[in-house]
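Please look at the overall build of this protein and at the closed spaces inside it.

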Amino acid sequence: MTTADVIIIGGGPSGVAAGLTLRKQGVPRVVLLEREAELGGATRHCAHSPFGMREFGRVYFGAAYGRRLARAAHKAGLDIRTGHAVTAVQPHGVVQVVSAQGLQTLQARRILVMTGARERSRAARLLPGDRPQGVITTGTLQASLAFHGLRPFRRPVILGTELVSFSALLTCLTHGIRPVAMIETAPAPLARWPLRLFPRLMGIPLLCGVEVSDILGTPNVNEVTVRKGGATRALACDGLLLTGRFTPESALFLQSDIGVEPATSGPAIDQYGRTHDPLIFAGGNILRAIETGGWAFREGRAVGAAVADDLRQSPETAPPVPVTFDAPLRLVVPSLLRRSTRPQRAFPSFQLRFDRAARGVLRLTLDGEEVWRKRGAWRPERRVLVPLPPQATQAEHVHFHFDERS
């Protein structure tokens, strides 16, 4: 059985950043497991920039950023094992891995899961209609173009208006693909201004408040029907590009005793990145899909520092206190707090998301006493940061209230 100080699962920005930090802090045996043939995660097939300015002091396109991550990991002396798919994470730091060498069992003093997130498939979105070719996600589009030189369509409809949706639009336009429309189920685009102006500047209609009511075509897509209220509209096209609606790659936790949070579909973690099992940590986009590669890198670095500090001390086993919240809040990270005086917190702030647009007062209470409040207009899928008070780790009840007002 291979033994290590830390096993990192996932070789994207957060996993590599954690490994670099662990090595920099003197942790000698750090194994980095990646199921793909190369490090870099989803950035490897992103044909756009910017990546890497805050991490490496210069701007990279996605593929070059992935290669830069790989070079940094090799230079730091990480034990990098690509083509290794983890099939199970077990108690006491045990990991089951499948590779070309067969099934292996690895063990470490700490495990760090950084497997990221993926876009929801057609099946997960419960989209109606025929089952033709040409209904794909942004990741599939970018991989087809970057790795195989294939254009899966020429005139698709793009579903979604998150940041990744506009990245997908740019990818299409730079590869000779001309979308016929962008559509969004919400009443307004989810990405910030001025990105929402981009489709119109390119002469591409942006339709909000519509739902896909039918997908037609055999064997390829030839029409997508959308509905707004009682009216329908047919969009002649040759594909449907599904963007956003990310969900964490949390199968390893679903198959373990740790489980996942209903609100995030990812593991619950405390202020240090620890899960319910104090030997297993998590960070990056597995926690709350999705943030940028730079954000994931910085978070990986912070969790890596917390793991390095944890290795120098005995594991903490105090029962965690859950962080609760009112609707229309959708999630809070970290969602657990443990009593601890260790200064090396990975999360200095709570990260919140709303699931719909709302106006009102957001308040944080500790054991019923208000310690923070802010009034505002809150938009869905926007990061909201609330400072994590030092005294919060000593509270028995931590709750985010929302008083909605017109």
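The report below goes from the whole chain to the cavities.

## Basis of the model

This is a predicted model, in which local features need pLDDT of at least 70 and side-chain atom pairs count only at pLDDT 80 or more, while totals for chains, interfaces and linings use all residues. Residues are numbered from 1 along each chain as its sequence is written, and side-chain values use heavy atoms, with hydrogens and water left out.

## Overall build

The protein has 9 helices and 25 strands (DSSP runs, with H or I over at least four residues for helices and E over at least two for strands, numbered from the N terminus). Its C-alpha atoms fill a box of roughly 60 × 55 × 40 Å along the principal axes.

## Cavities

The structure holds 2 cavities of 30 Å³ or more; a cavity is a set of points on a 1 Å grid over the protein atoms alone where a 1.4 Å probe fits but cannot get out, and lining residues have an atom within 4 Å of a point. Volume here is the space filled by probe spheres set on the points, which are joined across faces, edges and corners.

The largest cavity encloses about 40 Å³, and its lining consists of Tyr272, Arg274, Phe281, Ala306, Asp309, Asp310, Glu316 and Arg342. Helix 9 (residues 293-311) gives the most to this lining, with 3 residues.

The second largest cavity, of about 30 Å³, is lined by Glu261, Thr264, Pro267, Ile269, Leu287, Val332, Val333 and Ser335. Because domain 1 (1-120 + 245-317) and domain 3 (318-406) both give residues to its lining, this second largest cavity lies between them, with domain bounds that come from an automatic or database domain assignment.

How values were computed
On a 1 Å grid over the protein atoms alone, a cavity is a set of points where a 1.4 Å probe fits but cannot get out, and a pocket is an open set with protein on both sides within 12 Å along at least five of seven lines; lining residues have an atom within 4 Å of a point.
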